[in-house]
Amino acid sequence: MQLSFTTCCVPCTSRLPPEVNRILYVRNLPFKITSDEMYAIFGKYGAVHQIRLGDKAKDTRGTAFVVYEDIYDAKAAVDHLSGFNVGGRYLVVLYYQPAKFERRANAEEKKKELEELRRQVKAKKTSMASKQATTDAAAAASAITAGSGNE
């Protein structure tokens, strides 16, 4: 009995995991990588619809979003490019998960809100302490004045 294995160019009809997405989030990119270099790297696995590089000056540098035309091309890119060395850095290629990014944005927003509340509480405590000091000083002055009038 002889077995033969064939490969085809048609995507498999097997079900993909739910996290598989045609939008990829890429981290740990060299800071000086260009979009042309990104198209060259990611274009080997299928038609790329769009690439968005993170800002050079902000905390998003070294990251990018890559949008493929086809979900199977995106899966092939994740399978082959995760851990790929580009410019001395090993790429981290993940499927974009909007819920995770939304949670992170909400957490940052809540952190800013908490810092603002802490600042307001600190200002109120300082204000109350200065009012209390003024009240104590006035009470002490009136006590001294009242004590000196009895002599």
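What share of the 151 residues of the protein counts as buried? In the predicted model examined here, the buried share is 19% of the 151 residues. The accessible surface of the protein comes to about 11700 Å², and carbon and sulfur atoms account for 56% of that surface.

The secondary structure consists of 3 helices and 6 strands. Read from the N terminus, these elements follow the order β-α-β-β-α-β-β-β-α. Sequence separation within the contacts was also evaluated. When contacts between residues at least 6 apart in sequence are considered, 65% of them join residues at least 24 apart.

Two residues located in strands illustrate such pairings across the sequence. Phenylalanine 65 belongs to strand 3, which spans residues 64-68. The C-alpha atoms of phenylalanine 65 and isoleucine 23 are 6.8 Å apart, although 42 residues separate the two in sequence. With neighbours within four places in sequence set aside, phenylalanine 65 is in contact with Ile23, Leu24 and Tyr25, with Gln50, Ile51 and Arg52, and with Tyr96 and Phe101. The relative accessible area of phenylalanine 65 is 28%, and the residue is therefore classed as partly exposed; the cut-off for a buried residue is under 20%.

Leucine 94 is placed in strand 6, formed by residues 92-95. In sequence, leucine 94 and valine 26 are 68 residues apart, whereas their C-alpha atoms are 6.3 Å apart in space. Beyond residues up to four places away in sequence, leucine 94 touches Ile23, Leu24, Tyr25 and Arg27. Ile23, Leu24 and Tyr25 thus appear among the contacts of leucine 94 and also among those of phenylalanine 65. A relative accessible area of 36% makes leucine 94 partly exposed.

The segment that follows strand 1 contains a backbone feature of note. Asparagine 28 is situated in the loop between strand 1 (23-27) and helix 1 (35-42). Most residues other than glycine have a negative phi. Asparagine 28, which is not a glycine, nevertheless has a positive phi of about 65°. The residue is partly exposed, its relative accessible area being 29%.

Charged side chains were examined next. Side chains of opposite charge can pair when their charged atoms come close. How many salt bridges does the structure hold? The structure holds 3 salt bridges.

One of the salt bridges joins the side chains of glutamate 116 and arginine 119, with the closest N and O atoms 2.5 Å apart. Both residues are part of helix 3, where they are 3 residues apart, or about one turn of the helix. Glutamate 116 is partly exposed at a relative accessible area of 33%, and arginine 119 is likewise partly exposed at 49%. The value for arginine 119 does not exceed the cut-off for exposed residues, which is over 50%.

A salt bridge is also formed between the side chains of aspartate 79 and lysine 75, with an N to O distance of 3.0 Å. Aspartate 79 and lysine 75 are both found in helix 2 (residues 71-81), and their spacing of 4 residues corresponds to about one turn of the helix. Aspartate 79 has a relative accessibility of 47% and counts as partly exposed. Lysine 75 also counts as partly exposed, with a relative accessibility of 25%.

In a further salt bridge, the side chains of lysine 58 and aspartate 55 meet at 4.0 Å, N to O. Lysine 58 is exposed, because its relative accessible area of 54% lies above the cut-off of 50%. Aspartate 55, in contrast, is partly exposed, with a relative accessible area of 40%.

Positive charge also gathers on the surface. Which residues make up the patch of positive charge? The patch is formed by Arg27, Lys100, Arg103 and Arg104. Helix 3, comprising residues 98-149, supplies the largest share of the patch, namely 3 residues. Arginine 103 is located in helix 3 and is exposed, with a relative accessibility of 54%. Arg27 is a member of the patch and is also one of the residues touched by leucine 94. Helix 3 accordingly contributes to the positive patch and contains the salt bridge partners glutamate 116 and arginine 119.

Key
Residues are numbered from 1 along each chain as its sequence is written. This is a predicted model: local features need pLDDT of at least 70, side-chain atom pairs count only at pLDDT 80 or more; totals for chains, interfaces and linings use all residues. Side-chain values use heavy atoms; hydrogens and water are left out. Helices (H or I, at least four residues) and strands (E, at least two) are DSSP runs, numbered from the N terminus. Buried means under 20% relative accessible area, exposed over 50%, partly exposed in between (1.4 Å probe, protein chains only). Contact means heavy atoms within 4.5 Å. Accessible areas come from the Shrake-Rupley method with a 1.4 Å probe; for residues, only the protein chains shown count as cover. Patches are made of residues with over 30% relative accessible area and no salt bridge: like charges are joined within 9 Å, nonpolar side chains (Val, Leu, Ile, Met, Phe, Trp, Tyr) within 5 Å. Lys and Arg count as positive and Asp and Glu as negative; His and the chain ends are not counted. The place of a charge is taken as NZ of Lys, CZ of Arg, CG of Asp or CD of Glu.
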